[in-house]
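User: I am new to this structure and would like to know how its labels are earned. Please take me through the reasoning.

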Amino acid sequence: MTPFPSKNDGDGATGAASASATASGVTESDRLTATLRATAKGDDAAFARVYDDTSARVHGLVLRVLRNPSQAEEVTQEVYLEVWRRASSFDPAKGSPYAWLMTLAHRRAVDRVRSSQSATARDETWEARTRDIHYDATAEKATERLEAHRVRTALHELTDAQREAVSLAYLGGYTHREVASLLDLPLGTAKTRIRDGLIRLRDQLGVTS
């Protein structure tokens, strides 16, 4: 059973309108922006269209981050519940609708990873208190966590556009072409954002080429 609103009988007419919009030169991004605005007004059919048009991409990103199908399905549902509740917060002046959706999805997926890591850390803490751990293993774990913290800190030093592109490419596992499609950008622009973001990330981490 899905928590999302179901489509109503107006979908057929809407499909014809979408086809007409395509013929008139309206872009996919324009159509998605319009359906998000309608969703913000409580239009169930518009929300269903948003879900149908974007859920494959959203689920794909979430799955690449989590690498766990059942958790990815749960988080994808959480993303669309957030879309339903927060559609009014989308501002096309700040970015494309796909970028907004991917940002919500990536944030939710990362939150789930952090939650799982916290649970794992609690388990590890309990185990550490109930048995002896070799010093080298402890030192290695501490080093890994310190490095992960450095990377997260360095990512926050990137511009929003760079961080978004780099996260999709190297945390989400998308190709440059897929990143360009997800963010509704020309391929060259996506490559430039990823390249510049990686250069800045390298500098923040003090890595020499």
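Analyst: A helix here is a DSSP run of at least four residues, H or I, and helices are numbered from the N terminus. The model is a predicted one. Arg86 and Glu82 are four residues apart in helix 4, so about one helical turn separates them.

User: What makes Arg86 and Glu82 a salt bridge?

Analyst: A side-chain nitrogen of Lys or Arg has to be within 4 Å of a carboxyl oxygen of Asp or Glu. The closest N and O atoms of Arg86 and Glu82 are 2.6 Å apart, so the pair meets that cut-off.

User: Why is Glu82 called buried, and why is Arg86 called partly exposed?

Analyst: Buried means under 20% relative accessible area, exposed means over 50%, and partly exposed is in between. Glu82 has 11%, so Glu82 is buried. Arg86 has 34%, so Arg86 is partly exposed.

User: Which residues are linked with these two in a network of salt bridges?

Analyst: The network links Arg86 and Glu82 with Glu74, Glu78, Arg108 and Arg112. Within that group, Arg108 and Glu78 meet at 3.6 Å, N to O. Arg108 is in helix 5 and Glu78 in helix 4, 30 residues apart, and the pair links distant parts of the chain. The structure holds eight salt bridges.

User: Why is the pair of Phe47 and Trp84 called edge-to-face?

Analyst: Ring centres must lie within 6.5 Å for a pair, and planes over 60 degrees apart count as edge-to-face. For Phe47 and Trp84 the centres are 5.1 Å apart and the planes are at 65°, so both conditions hold. Phe47 lies in helix 3 and Trp84 in helix 4, 37 residues apart. Phe47 is buried at 1% relative accessibility, while Trp84, at 29%, is partly exposed.

User: How do you know that Tyr51 and Tyr80 are edge-to-face?

Analyst: Their ring centres are 4.9 Å apart and their planes are at 70°, so the edge-to-face label applies. Tyr51 is in helix 3 and Tyr80 in helix 4, so the pair ties together parts 29 residues apart in sequence. Tyr80 has 0% relative accessibility and counts as buried, whereas Tyr51, at 29%, is partly exposed.

User: What makes the charged end of Arg57 count as sitting over the ring of Tyr98?

Analyst: CZ of Arg must be within 6 Å of the ring centre and within 35 degrees of the ring normal. The charged end of Arg57 is 4.3 Å from the centre of the Tyr98 ring, so the distance condition is met.

Terms used
Residues numbered from 1 in each chain as written. Predicted model: local features only at pLDDT ≥ 70, side-chain atom pairs only at ≥ 80, totals over all residues. Heavy atoms only, no water. Phe/Tyr/Trp six-rings, centres within 6.5 Å; stacked < 30°, edge-to-face > 60°. Helix = DSSP H or I, 4+ residues; strand = E, 2+ residues; numbered from the N terminus. Buried < 20%, exposed > 50% of the residue type's maximum accessible area, 1.4 Å probe, protein only.
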